[in-house]
Amino acid sequence: MSLWGNKETAAVTGTVDITQGQATVTGTGTAFQTELKEGSFILVGGVKYKILKITNNTSLTLTSNFEAASVDDGTITKHLAPTYLSLADARNYVS
């Protein structure tokens with residue numbers, strides 16, 4: 001559920017290959033090191049996977065093996081943490 005109209009996901013640059021039964025995601029034209037963080041989540045086909053390790057901009061490892069059918073030249077999205085409005089900031093918007 002979105003909070004204050006924020007998006008819950010955002011597109012990740014490039015395309016990826018993921019083999020069924022493997023935990024490695026290989027990217028083409030990706031920027032994993034700048035767009036993602038270890039411990040955060042990506043969504044592949046609507047299924048959430050946690051990132052264990054980001055090796056470089058084109059390779060990362062999931063905490064569990066990919067269970068769906070293998071993906072070639074697919075896209076992924078990153079799961080965004082909710083953005084919260086502080087009480088002090090809220091007072092500026094609500095009278």
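From the N terminus on, the elements of the chain follow the order β-β-β-α-β-β-β-β-β-α. The model is predicted. Two helices and eight strands make up this set of elements.

The eight strands form an open sheet. Their order in the sheet is β1-β8-β4-β5-β6-β3-β2-β7. Pairing is antiparallel. The edges are held by β1 (9–11) and β7 (71–74), each of which pairs on one side only. On average, neighbouring strands of the sheet are turned by 35° against each other, direction ignored. Strands of a sheet pair through backbone hydrogen bonds, in a parallel or an antiparallel manner. Within this sheet, β5 and β6 run antiparallel and are joined by four bridges. Opposite Leu 60 in β6 stands Ile 54.

The largest nonpolar core contains 17 residues. Phe 32, Leu 36, Ile 42, Val 44 and Leu 60 have the most contacts inside this core. At least two core residues come from each of β2 (15–18), β4 (41–44), β5 (47–56) and β6 (59–62). The largest share, three residues, is supplied by β5. Leu 60 thus appears twice in this description: among the core residues with the most contacts, and opposite Ile 54.

Val 44 is another of the core residues with the most contacts. Beyond its neighbours within four places in sequence, Val 44 is in contact with Ile 18, Tyr 49, Phe 66, Val 71 and Ile 76.

Thr 30 lies outside the strands and helices, in the loop between β3 (24–28) and α1 (32–35). Is Thr 30 buried or exposed? Its relative accessibility is 9%, under the 20% limit, so Thr 30 counts as buried. A polar atom of the Thr 30 side chain lies 2.6 Å from the backbone oxygen of Asn 57. Residues up to four places away in sequence aside, Thr 30 touches Thr 13, Gly 14, Thr 15, Val 16, Asn 57 and Thr 58. Asn 57 is therefore a partner of Thr 30 by the 4.5 Å contact criterion and through the 2.6 Å pair.

Totals for the chain complete the picture. Of its 95 residues, 25% count as buried. The exposed area of the chain is about 6,300 Å². Carbon and sulfur atoms supply 52% of that area. Among contacts with a separation of 6 or more, 56% are between residues 24 or more positions apart.

Terms used
Residues numbered from 1 in each chain as written. Predicted model: local features only at pLDDT ≥ 70, side-chain atom pairs only at ≥ 80, totals over all residues. Heavy atoms only, no water. Core = buried A, V, L, I, M, F, W, Y, C linked by side-chain atoms within 4.5 Å. Buried < 20%, exposed > 50% of the residue type's maximum accessible area, 1.4 Å probe, protein only. Pairing = 2+ DSSP bridges. Axes fitted to C-alpha atoms, helices over the stretch in contact; angles between N-to-C directions. Areas by Shrake-Rupley, 256 points an atom, 1.4 Å probe, with all protein chains shown as cover. Polar contact = N/O pair within 3.5 Å; in protein donor to acceptor, adjacent residues only side chain to side chain.
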